[in-house]
Amino acid sequence: MGEGGSATHLALVGPTASGKSALGLEVARALGDVEIVSIDSMQIYRGMDVGTAKPTRAERERVPHHMVDVADPWEDWSVARFQAAAREAVTEIEARGKRALLLGGTGLYVQAVVDDLRFPGEDLDRRADLAARVATPDGLAAAYRELEAVDPVAASRIEPANSRRVVRALEVIGTTGKPFSSFGPGVQARGPTALPVSMVGVWLPRAVLADRIAQRFAVMREAGLVEEVRALAAEPRGWSRTARQAIGYKEVLAHLDGGAPDLEAAFDAAVRRTRAFSRRQRMWFRRDPRITWFGAPENSCAVLPALLAWWCR
RNA sequence: GGCCGGGUAGCUCAGUCGGCAGAGCACACGCCUGAAAAGCGUGGGGUCACCGGAUCGACGCCGGUCCCGGCCA
């Protein structure tokens, strides 16, 4: 049976370079009553265009896009911020009598929009102190033991070597006085979605995906990725911690800064990191039982008819 | 042709005085609620170029062969 036809909103997820953006555009065109909400941690940044494979101006004129170009490159960003802004976008779409098509590959962001994840506030000073404490192996071990004592449930979800997650858990416990685990069952728990949505995923064979990733970087290089990075690096207001870690940008920046890797090596590194990212995306999405998968041998657009049949039942 | 350096995991390379073969990357399987294009765990992988020798025991020492790089002719 499935509730594909009864749900109002749609979500289309999948690994990077799978062609889901093009597919999403076709879906939007065919359905006519949807607006796209990009679920992408990097397309939010203005000026980061070629390296994020951002939809073109023409594409955005054809179908309304949200959560694209909503931040400046010198702003730090976060899941919580994304969640609030994306939900607002969805509400506005509903008010227009339309449906949202959530389109993207940032797993945690998708879940933040679709599920009722509540993010306890942050305390950057406390976080910095904890980060300093955890900088040595002994300090990290001690911090983890403390977490085990104060919040065994959270400790069981976090691996002892994962200093960043240990710090965050202790930060929340320190500021709220409540266990980190009391803020939710964890990302692995998946009940019915809070937002009424029908979720679909697209996949391609890994070898095809690897080819597409390599090809896409070659195209981005032609399209001026290096010049884009140079401009962002020269921006007097800076380039935020979250923005500058974007794949491709980070590697090219390292080349421009230190010159250490030659440009060829920088792009090779970016390709490798994208493949690793793609693997993490696969891991994240495939354990979500609410996603219905559609596969194609070469190009995601091949699944369009099946996808429309599924969503129009 | 002579001299010097090198040949170890798919790739780049460590390997102390001879004592069960190592790291990073790649790959695979997983984890993670305010950095998520981030962060983290586990795993599979080897005729240590080849042949012979001394030794209880060789990636390591001795002799030879083959490849690669550099210098000299």
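1. In this predicted model, strands β2 and β4 run parallel and are joined by 6 bridges. Within this pairing, I36 stands opposite L101 in β4. On the other side of the register, β1 and β4 also pair in the parallel sense, over 4 bridges, and the bridge partner of L10 in β4 is again L101.

2. The wider arrangement is an open sheet of 6 strands with parallel pairing, in the order β3-β2-β4-β1-β5-β6. Its edge strands are β3 (65-66) and β6 (291-295), each of which pairs on one side only. At the β3 edge, the parallel pairing with β2 extends over 2 bridges, and V37 stands opposite H66 in β3.

3. How much of β4 is buried? The count is 6 of the 6 residues, so β4 is largely enclosed by the rest of the structure. Both faces of the strand are covered. R99, L101 and L103 are buried on one side, and A100, L102 and G104 are buried on the other.

4. The largest nonpolar core comprises 48 residues, of which V37, M48, F82, L102 and F217 touch the most other members. Apart from this core lies another, of 24 residues, which includes L101, L103, L307 and W311. The residues of β4 can thus be followed into both cores: L102 is named in the core of 48 residues, whereas L101 and L103 are named in the core of 24 residues.

5. F82 merits a separate remark. Leaving aside residues up to four places away in sequence, F82 touches S38, I39, D40, I44, M67, W77, Y109 and V113. Two of these contacts, Y109 and V113, are listed among the buried residues of helix α4.

6. Helix α4 (residues 107-114) has 7 of its 8 residues buried, and it is therefore largely enclosed by the rest of the structure. The buried residues are G107, Y109, V110, Q111, A112, V113 and V114. Their cover includes the strands β1 (9-13), β2 (34-39), β4 (99-104) and β5 (197-203), together with the helices α3 (79-95) and α12 (263-286).

7. Turning to the nucleic acid, which residues are the closest to RNA strand B? They are P120, R164, R165, V187 and R286, among 50 residues that surround the strand. By class, the residues of this surface divide into 18 nonpolar, 13 polar and 19 charged.

8. Several helices contribute to the surface near RNA strand B: α3, α4, α8 (163-176) and α12 each supply at least two residues. The largest share, 10 residues, comes from α12. Helices α3 and α12 also appear in the cover of the buried residues of α4, and α4 itself supplies at least two residues of the RNA-facing surface.

9. On the RNA side, 60% of the atoms of strand B within 4 Å of the protein belong to sugar or phosphate, and the rest belong to bases. Individual polar contacts involve both kinds of group. A phosphate oxygen of RNA strand B is 2.3 Å from an N or O atom in the side chain of S41, and another such contact places a polar side-chain atom of R287 2.8 Å from a phosphate oxygen. For D40, a polar side-chain atom lies 3.2 Å from a base nitrogen of the strand. D40 is also one of the residues touched by F82, a residue of the largest nonpolar core.

Note on methods. Residues are numbered from 1 along each chain as its sequence is written. Chains are lettered from A and ligands numbered from 1 in the order in which they are written. This is a predicted model: local features need pLDDT of at least 70, side-chain atom pairs count only at pLDDT 80 or more; totals for chains, interfaces and linings use all residues. Side-chain values use heavy atoms; hydrogens and water are left out. A nonpolar core is a set of buried Ala, Val, Leu, Ile, Met, Phe, Trp, Tyr and Cys residues joined through side-chain atoms within 4.5 Å. Buried means under 20% relative accessible area, exposed over 50%, partly exposed in between (1.4 Å probe, protein chains only). Contact means heavy atoms within 4.5 Å. A residue is near a molecule or strand if one of its heavy atoms lies within 4 Å of it. A polar contact is a pair of N or O atoms within 3.5 Å; within protein, one must be able to donate a hydrogen and the other to accept it, and residues adjacent in sequence count only if both atoms are side-chain atoms. Ala, Val, Leu, Ile, Met, Phe, Trp, Tyr, Cys and Pro count as nonpolar, Asp, Glu, Lys and Arg as charged, and the others, Gly among them, as polar. Two strands pair if DSSP finds at least two bridges between them.
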